Every structure is written in C-alpha cells, then in structure tokens.
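This briefing goes through one protein model by topic. Please keep the sequence and the coordinates at hand while reading.

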Amino acid sequence: MSLKKEAILLTFYSFILSYLLCINSLAVFLMYRDKAKAIKGAWRIQERTLFIVALCGGVIGIFIGSQLFRHKTQKKRFKYGIPLILLLQLIIVSAMFFYS
C-alpha cells in the first residue's frame with residue numbers, strides 16, 4: 001500500500017474514532033439528563049431521540065448510560081432494542097471489513 005493511501009486511511013479512521021467518541025459521549029450525557037429530569041418530574045428526552053442517537057453510532061453510550069444511571073433498564077424497548085442495534089451494527093461493520 002502506498003504512503004498516500006495509508007495517510008488517507010489513517011485520517012479516515014481518526015475521523016471515525018473521533019465521531020464515535022463524540023456521539024457516545026453525547027449518548028451518555030443524554031441518558032444522564034433524562035434520568036435527572038425523571039427524578040425531578042420534569043420534561044423528558046423522547047425515547048425516539050435516544051434511539052436515533054443509538055442508530056447513529058451511540059449505542060454503546062446509551063447502553064453504558066442506562067447501566068451507569070440505572071435508567072430505562074426495565075423497559076423492553078431498551079432492554080432488547082439497544083443490544084439488537086449493537087448486534088446489527090457489529091454485523092454491518094464486520095461485513096464491511098470482511099468484504100473490502
């Protein structure tokens with residue numbers, strides 16, 4: 001592989017890693033805020049928003065946030081939906097590496 005291609009790949013992987021770090025940090029923060037609002041009885045973050053963040057790559061952050069703050073751990077949508085999203089994303093990423 002040429003030096004130019006290696007530099008492009010390194011830049012791409014750095015971008016992906018930075019993106020995943022940011023989206024998962026946002027996901028943990030959203031779970032924290034939603035739990036805090038639930039305790040206060042205030043307006044909540046929509047479950048749809050949490051799932052959109054998970055689908056955009058923040059699934060690990062949503063999972064960590066739910067376990068860390070003991071939030072939405074009993075809801076079936078989150079109990080089964082978040083691990084399913086993680087599994088599907090792992091399959092997609094694995095297929096991308098396998099077939100590239």
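The points below cover the bend in a helix, the main pocket, the cysteines, the loop backbone and two long-range spacings.

The model is predicted. Helix 2 carries a kink of about 125°, centred on Gly 58, and the largest pocket has a volume of about 610 Å³. A search of the whole structure finds 0 disulfides.

**Helix 2**

- Helix 2 covers residues 47-68, and its end C-alpha atoms are only 18 Å apart, where a straight helix of 22 residues would span 32 Å at 1.5 Å a residue.
- A kink of about 125° is present in this helix, with Gly 58 at its centre.
- Gly 58 is itself buried, as are Gly 57, Val 59, Gly 61 and Ile 62.
- Other buried positions in helix 2 include Glu 47, Leu 50, Phe 51, Val 53, Ala 54, Gly 65 and Ser 66.
- Ile 60 also belongs to helix 2, but it counts as partly exposed, at 46% relative accessibility.
- An α-helix has 3.6 residues a turn, so residues three or four places apart point the same way.

**The largest pocket**

- The volume of the largest pocket is about 610 Å³, and 19 residues line it.
- Which residues lie nearest the centre of the largest pocket? They are Ile 16, Leu 20, Gln 89, Val 93 and Met 96.
- Helix 1 (3-40), helix 2 (47-68) and helix 3 (76-99) each contribute at least two residues to the lining.
- Helix 3 provides the largest share of the lining, with 7 residues.
- By class, the lining consists of 15 nonpolar and 4 polar residues, with no charged residues.

**Cysteines**

- No disulfide is found anywhere in the structure.
- Cys 22 cannot form one because its sulfur is 13 Å from the closest cysteine sulfur, that of Cys 56, which is too far for a bond; the cut-off for a disulfide is 2.5 Å between sulfur atoms.
- Seen from Cys 56, the nearest cysteine sulfur is that of Cys 22, 13 Å away, and Cys 56 is in no disulfide.
- Cys 22 is exposed, with a relative accessible area of 56%, whereas Cys 56 is partly exposed, at 40%.

**Loop between helix 2 and helix 3**

- Most residues other than glycine have a negative phi.
- Arg 70 lies in the loop between helix 2 and helix 3, and its phi is positive, near 50°, although the residue is not glycine.
- Lys 72 sits in the loop between helix 2 and helix 3, and it has a positive phi of about 65° without being a glycine.
- Are Arg 70 and Lys 72 buried or exposed? Arg 70 is exposed, with a relative accessible area of 68%, while Lys 72 counts as buried, at 11% relative accessibility.

**Spacing between helix 2 and helix 3**

- Phe 98 is in helix 3 and counts as exposed, at 64% relative accessibility.
- The C-alpha atom of Phe 98 is 24 Å from that of Ala 54, and the two residues are 44 residues apart along the chain.
- Ala 54 is among the buried residues of helix 2.
- Ile 60 and Tyr 99 are 39 residues apart along the chain, and 24 Å separates their C-alpha atoms.

Conventions:
Residues numbered from 1 in each chain as written. Predicted model: local features only at pLDDT ≥ 70, side-chain atom pairs only at ≥ 80, totals over all residues. Heavy atoms only, no water. Buried < 20%, exposed > 50% of the residue type's maximum accessible area, 1.4 Å probe, protein only. 1 Å grid on protein atoms, 1.4 Å probe; cavity = no way out; pocket = protein on both sides within 12 Å on 5 of 7 lines; lining within 4 Å. Points joined across faces, edges and corners; volume = space filled by probe spheres on them. Helix = DSSP H or I, 4+ residues; strand = E, 2+ residues; numbered from the N terminus. Nonpolar A, V, L, I, M, F, W, Y, C, P; charged D, E, K, R; others polar. Expected span 1.5 Å × (residues − 1). Bend = angle between axes of the 7 residues up to and from the residue.
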